[in-house]
Amino acid sequence: MPPIPGSGLAKGLAVTLRTMTKKTVTAQYPDVQPELPPRSRGVIALFEENCTVCMLCARECPDWCIYIDSHKETVPAAAPGGRERSRNVLDRFAIDFSLCMYCGICIEVCPFDALFWSPEFEYAETDILELTHERDKLREWMWTVPEPPALDPRAEEPKEIAAARKTADKLRAQQEQEAAQEQEAQQEQQAAQGHKAQQEQEAQQGHKAQQGQDAAQEQDAAQEAQE
């Protein structure tokens with residue numbers, strides 16, 4: 001069946017009329033910030049304290065846009081007779097966001113939770129060279145990272161938490177056992193001291209009774225001598 005002449009124009013006018021009758025919604029940006037989804041990929045934030053300079057994020061980055069510099073420091077022995085250890089100290093951590101394709105591989109492979117997604121998106125620059133942000137800027141974005149969603153109460157407890165709770169329970173039971181043993185030792189010591197004090201008191205009473213008997217015998221002997 002051939003199309004009716006003017007049907008396309010009528011459909012277009014119908015869409016226009018429906019749109020004209022609806023209330024206009026205007027995003028008042030930048031005065032009002034948009035509500036972004038919780039898993040928005042804005043920029044990558046750095047939690048510097050967790051970084052061990054393992055270089056895993058830089059090696060796995062498909063764009064090679066992560067630059068890391070570090071040096072080694074010698075840590076003195078923790079106990080006398082121990083040996084010194086060396087550790088990596090982070091000097092530079094930078095990300096070139098002009099190359100980054102926001103794949104999130106660096107965040108996924110980080111074994112120490114040092115990288116996070118931040119919903120921050122206002123970081124445009126007039127010069128492409130200024131899109132390489134250093135660790136100070138990445139650290140500032142860390143405080144814009146939202147809190148992780150709450151766990152499902154019906155979900156299985158993570159193995160790490162179960163292991164930590166088991167260790168804590170074992171340590172608590174050991175401390176309670178030591179406290180009970182210490183209390184029992186104190187009670188035994190107090191009982192021994194009480195028994196010793198009782199023996200000393202009985203010995204003193206016996207000594208006094210013996211002195212009284214000796215005095216009575218001396219008095220009887222003196223009376224007999226006088227007679």
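Two strands count as paired if DSSP finds at least two bridges between them, and with that in mind the tour of this predicted model can begin at a pair of strands.

**Stop one: strands E1 and E4.** Select residues 43-46, which form strand E1, and then add residues 115-118, which form strand E4. The two strands run antiparallel and are joined by 4 bridges; to look at one of these pairings, pick Ala45 in E1 and find its bridge partner in E4, Phe116. Now show the side chains of E1 and turn the view from one face to the other. In a regular strand the side chains alternate between the two faces of the sheet. Here Val43 and Ala45 lie on one side, while Ile44 and Leu46 lie on the other, and all four are buried, so that both faces of the strand are covered.

**Stop two: Leu36.** Step back along the chain to Leu36, which sits in the loop between helix H1 (7-21) and E1. Is Leu36 buried or exposed? Neither word fits, because its relative accessibility of 38% makes Leu36 partly exposed, a class that runs between the 20% limit for buried and the 50% limit for exposed. Apart from neighbours within four places in sequence, the residues to select around Leu36 are Pro119 and Phe121, with which Leu36 is in contact. For a sense of scale, draw a line from Leu36 to Val89: the two are 53 residues apart in sequence, and their C-alpha atoms are 35 Å apart in space.

**Stop three: the largest pocket.** Select Pro38, Arg39, Phe116, Trp117 and Val145, which are the residues nearest the centre of the largest pocket among the 16 that line it. Phe116 is already familiar as the bridge partner of Ala45, and its strand, E4, gives the most to this lining, with 3 residues. The pocket has a volume of about 490 Å³, and its lining divides into 11 nonpolar, 4 charged and 1 polar residues.

**Stop four: the cavities.** The structure also holds 2 cavities of 30 Å³ or more. For the largest, with a volume of about 110 Å³, select Cys51, Cys54, Cys57, Cys110 and Ala114, which lie nearest its centre among 16 lining residues. Of that lining, 14 residues are nonpolar, 2 are polar and none is charged. The second largest cavity has about 80 Å³ of space, and to find its centre select Cys61, Cys65, Cys100, Cys103 and Cys106, the closest of its 14 lining residues. This second lining comprises 12 nonpolar residues, 1 polar and 1 charged.

How values were computed
Residues numbered from 1 in each chain as written. Predicted model: local features only at pLDDT ≥ 70, side-chain atom pairs only at ≥ 80, totals over all residues. Heavy atoms only, no water. Buried < 20%, exposed > 50% of the residue type's maximum accessible area, 1.4 Å probe, protein only. Contact = heavy atoms within 4.5 Å. 1 Å grid on protein atoms, 1.4 Å probe; cavity = no way out; pocket = protein on both sides within 12 Å on 5 of 7 lines; lining within 4 Å. Points joined across faces, edges and corners; volume = space filled by probe spheres on them. Nonpolar A, V, L, I, M, F, W, Y, C, P; charged D, E, K, R; others polar.
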